[in-house]
Amino acid sequence: MQRKAYVPGIAALLAALLAGCTGGSASNGTAADPKPGDVSVNTPAAQPGKYRTLPEACAAVSHDSLDSLLPGIKQITDQDQRDTAYEGQATLTYDTDRRVGCGWKVESTDATDHLSIDFERVVSYDNAVSDDSRAQDIYATEETAANLPEASASATPSDTASATATPSATSSTSASSTSSASASASTSAGPSETPADLQPRKLSSLGDEAFLDDKLNPGSATAQQRTVTVVFRTSNVIVRIEYAEQPTASTGTPDSEEMQDKARNLAQKLVDRFNG
């Protein structure tokens, strides 16, 4: 009888030991909560940017574009010197996967032209912020620093058309009015003034967002230097173009419209290069 009473005591002890070994697992068989600092599977990481590399900056501008932006290149008679002018000068950077640039400076009989381009690939090191979002923040800071004037509705194509042509006016009267208006405009507008439709502004249909800046500064005691800057963002890459010209003649003033057109054409070609 004593032997039979001893067996149930052993069984009870084994049951207690088994319960202690299995106490760390949930009743439904799921794993315990992750340790502090573990990344939750319910928090997805922000999306990386579209671009993982950058193009070679000095090779990003075609010879045709350089001929247009830097007319002095075609005036170089020595072939070796012309080839060197086309090559440009690479900007010193310490991480070519993140930032590259190139610059050109060419003199012609009429002016000295400068061109520089800069590519920056933005990478966010915050898992909660995407590369694109970080690039948007950097671009927005640069646009704000440019102090672009507020867009004005005073100068529109219809206003321009109505100002230059009046149905009731005769051809001679119209010509006379146009001549006097042009003379008045040239008298009242100094060389440093930029027409309303060429003021610094945001640009549409150029990358994801873009703006243009145009400044006319005294370059020397004899001539004024104009600098046109175009900055655009495409996904997580920010591209900066700076195009400057200083005429040789003391009375020369670089043409704002022509320089802006050239800078914008180059910007569009670079956008196409990224999207191609």
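**Exercises: a helix end and a buried aspartate**

E87 sits in helix α3, residues 79-87 (helices being DSSP runs of H or I, at least four residues, and strands E runs of at least two). We're working on a predicted model, where local features need pLDDT of at least 70, side-chain atom pairs need 80 or more, and totals for chains, interfaces and linings use all residues. Residues count from 1 along each chain as its sequence is written, and side-chain values use heavy atoms, without hydrogens or water.

**Exercise 1.** Work out whether E87 is buried or exposed.

*Solution.* Start with the cut-offs: buried is under 20% relative accessible area, exposed over 50%, partly exposed in between (1.4 Å probe, protein chains only). E87 has 52% relative accessibility, so it counts as exposed.

**Exercise 2.** Find what flanks α3 at each end.

*Solution.* Take the N-terminal end: D78 caps it, with a side-chain oxygen 3.1 Å from the backbone nitrogen of D80. Then go past the helix: G88 follows α3, and its phi is positive, near 75°.

**Exercise 3.** Place D214 and list its side-chain polar contacts with R226 and Q260.

*Solution.* First, locate D214: strand β5, residues 209-218. Next, check accessibility: at 7%, D214 counts as buried. Now the contacts (N or O pairs within 3.5 Å; within protein, one atom must be able to donate a hydrogen and the other to accept it, and sequence neighbours count only if both atoms are side-chain atoms). The D214 side chain joins that of R226 at 2.7 Å, and it joins that of Q260 at 2.7 Å.
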